[in-house]
Amino acid sequence: MHELSIAQNVIETVKQHIAEEDLWRVGSITMRIGELGGVMTDSLEFCYGALTADTPLSTSSLRIERVPFQIECLECHRSSLNERGFAVCPFCGSGNTKILSGDELHIIAIELNEAAETNI
Amino acid sequence: MSVLTIERKVLKKNDEIARRNRELFRQNKVFVVNLVSSPGSGKTSLLEKTLERLRGRVRVAVVEGDVQTDLDAKRVARFNVPVVQIVTNGGCHLEAQLVEDAVATMDLSGIQLLVIENVGNLVCPANYDLGEAMKIVVASTTEGDDKPLKYPPMFRNASVLVINKIDLLPYLNCTIAVLKENALRVNPKLTVFETSCRTDAGISQWCDWLEERVGKNA
């Protein structure tokens, strides 16, 4: 259940970027999470909801983009996708590969609703 | 509606503290390993064997992480090495901050090797950099040979795999070759050792390698 700790970090990041009085304006928070980053999306959303309930962030939500696991072979220079997280090149069998994507755990953007729209 | 683009790692704060830890370890010339595995794979037993064998050869300190109790710290203290127990009270992994606080209570001068024994968990500790030089994953034969396929992040983020409890192989449906093959598919760069803490098989190879790595760090 490290999703709870990750959700806490998300909230902390939002608070670092958005002034206290504007927190209620936060709409969605876009995150990019690798398919093999070891984070469960459902669990993260649940934890985020639980931690933000009855706070100015209670109406905000996470928008999660999943990123496929992709490697590049440093021998034959071809890239390949692998949903099981294998890092061996499927073309030439080399283990000399580089991970291009799939283990991200990033916050990309914070969407703010206009003050006038919601503050009626 | 406006959008603020920030593009940053969620665990940036942890990574910053980990960087601080790494700098402290570098200044003190301490080689640091983060020992990870599922519960019951034999991390503490392997550590005991390692402390026994490296006694007089390498000056070691230990940080123990557990959800509850100081049982492991007591086991390790018998070897007369500095040890700090972190009790996470439910937390499923160690974070860099906990290690920073633990290490602040230790005298690192003269220490050559610091072993951080993480909470037994094959999922969560994979995401948290503690400032270590490398993660060492212990996989025991009783867990089966499919674990690297089921929990790839941990095996991908480790540099070394220790396959423990090899004395039990005759009684299990676990094949070392398959376990190794699975681990190397996920992480072709893994260095692999095979050990038994009951028969001492493979312990000297593992300890010699570790001592050599500590030597390179000096």
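A crossing of two helices is called left-handed if the near helix is turned anticlockwise from the far one by less than a right angle, and right-handed if clockwise. With that term in hand, a tour of this predicted model can begin. Local features need pLDDT of at least 70 and side-chain atom pairs count only at pLDDT 80 or more, while totals for chains, interfaces and linings use all residues of this predicted model. Residues are numbered from 1 along each chain as its sequence is written, with chains lettered from A and ligands numbered from 1 in the order in which they are written.

Chain B is a good place to start. It contains eight helices and eight strands, where helices (H or I, at least four residues) and strands (E, at least two) are DSSP runs numbered from the N terminus. Chain B has a radius of gyration of 17 Å, close to the 17 Å that the globule rule gives for 218 residues, so it is as compact as a globular protein of that length. Here the radius is taken over C-alpha atoms, and the rule is 2.2 Å times the number of residues to the power 0.38. Along the principal axes, the C-alpha atoms of chain B fill a box of roughly 65 × 45 × 35 Å.

Two helices of chain B meet: the axes of α2 (residues 43-54) and α8 (residues 203-217) of chain B come within 10 Å and cross at roughly 70°. Axes are lines fitted to C-alpha atoms, for helices over the stretch in contact, and angles run from 0 to 180 degrees between N-to-C directions. The crossing angle makes α2(B) roughly perpendicular to α8(B); angles under 35 degrees count as roughly parallel, over 145 as roughly antiparallel, 65 to 115 as roughly perpendicular and the rest as oblique. The crossing of α2(B) past α8(B) is right-handed. Contributing to the contact are B:Lys49, B:Thr50, B:Arg53 and B:Leu54 from α2(B), along with B:Ile203, B:Ser204, B:Cys207, B:Leu210 and B:Glu211 from α8(B). Residues are in contact if their C-beta atoms, placed from the backbone, lie within 7 Å.

The two chains also touch each other, with 28 residues from chain B and 29 residues from chain A in the contact. On the side of chain B that touches chain A, β1 (2-9), α6 (152-157) and α7 (176-186) each supply at least two residues. The most comes from β1(B), with eight residues.

Strand pairing links the chains as well. Strand β6 (residues 105-112) of chain A pairs with β1(B) in the antiparallel sense over six bridges; two strands pair if DSSP finds at least two bridges between them. Within this pairing, A:Ile110 has B:Leu4 as its bridge partner, and A:Leu112 stands opposite B:Ser2.

Within chain A, β6(A) is also joined by six bridges to β1 (residues 26-34), and these strands run antiparallel. A:Ile110 of β6(A) is the bridge partner of A:Ile29, and A:His106 that of A:Arg32. In turn, β1(A) pairs in the parallel sense with β2 (residues 61-67) of chain A over seven bridges, where A:Arg32 stands opposite A:Glu65.

Chain A also holds an open sheet of three strands, ordered β4-β3-β5 with antiparallel pairing. At its edges stand β4 (79-81) and β5 (97-101) of chain A, each with a single partner strand, so one side of each is left without a neighbour in the sheet. From one strand to the next, the twist averages 30°.
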